[in-house]
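Q: Could you take a close look at the salt bridges in this one? I'd like to know which side chains pair up and how buried or exposed the partners are.

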Amino acid sequence: GDLNDITGGLGFDLKGSLASGDLTELSKQVPEIDPETVTGNIRSDNLRIDGSLGKNDIRLTGNVIFDDIGFAFADESLRVSGLGCTMDIKQYLSGGSGFSFSSRGPCSAAEFARNDIGAIKDLTAGVDINVGGLWRSKELLFSGLSGQFMDGAVSGSLRLSSEDGKSEITG
């Protein structure tokens, strides 16, 4: 990529890809996840980082692919296995808004299990992830949801959110 000094601030436009990565460090951003349960691979293509340090405006865009991801919450209330997603990501770091992250794409999972409701198998959905306020606000949206639950099917939409320590599930 290119590194430039634009009006007294370091500017850059970098492109690349990631062959594979360790999800353990990423899982530490969600304290509920037990890092010992994290499995699978993450890779990317079309990654681009551009912006200006001097203007405090940095952007990360591209595609991130999750292959056969698994994880569980430390309290064992949630367990996910066989998760696969191709996500279009946008991440911003700017002076006014701090940090924001959004991602959208199709996902599937072999199993999504909660202790209180049981397991949903063969799950597919469109997924939107939105994070803001330096991780204080998190939202996970599932649309076009379908899967197998007990002896029947599940479909519809689901919203999981957390803001300033308050969690909510709707759908």
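A: Quick bit of vocabulary before the pairs: a residue is buried under 20% relative accessible area, exposed over 50%, and partly exposed in between. Keep in mind that this is a predicted model. The structure holds ten salt bridges, so let's walk through some of them, using a cut-off of 4 Å from a Lys or Arg side-chain nitrogen to an Asp or Glu carboxyl oxygen.

Start with Arg48, whose side chain meets that of Asp50 at 3.2 Å, N to O. Arg48 comes out at 31% relative accessibility, so it counts as partly exposed. Asp50, on the other hand, sits at 11%, and therefore counts as buried. This pair isn't on its own, either: salt bridges with shared partners tie Arg48, Asp50 and Arg59 into one network.

Next up are Lys90 and Asp88, with a salt bridge of 3.1 Å, N to O. Here Lys90 is partly exposed because its relative accessibility is 33%, and Asp88 gets that label too, at 34%.

Then there's Glu139 with Arg159, where the N to O distance is 2.8 Å. This one links distant parts of the chain: Glu139 belongs to strand β8 and Arg159 to strand β9 (residues 152-163), 20 residues apart. Glu139 has 23% relative accessibility, so it lands in the partly exposed class. Arg159, at 28%, is partly exposed as well.

Strand β8 (137-149) also turns up away from the charges, as one of the elements giving two or more residues to the largest nonpolar core. That core has 23 residues, with Phe71, Met87 and Leu123 making the most contacts inside it.

Note on methods:
Residues are numbered from 1 along each chain as its sequence is written. This is a predicted model: local features need pLDDT of at least 70, side-chain atom pairs count only at pLDDT 80 or more; totals for chains, interfaces and linings use all residues. Side-chain values use heavy atoms; hydrogens and water are left out. A nonpolar core is a set of buried Ala, Val, Leu, Ile, Met, Phe, Trp, Tyr and Cys residues joined through side-chain atoms within 4.5 Å. Buried means under 20% relative accessible area, exposed over 50%, partly exposed in between (1.4 Å probe, protein chains only). Helices (H or I, at least four residues) and strands (E, at least two) are DSSP runs, numbered from the N terminus.
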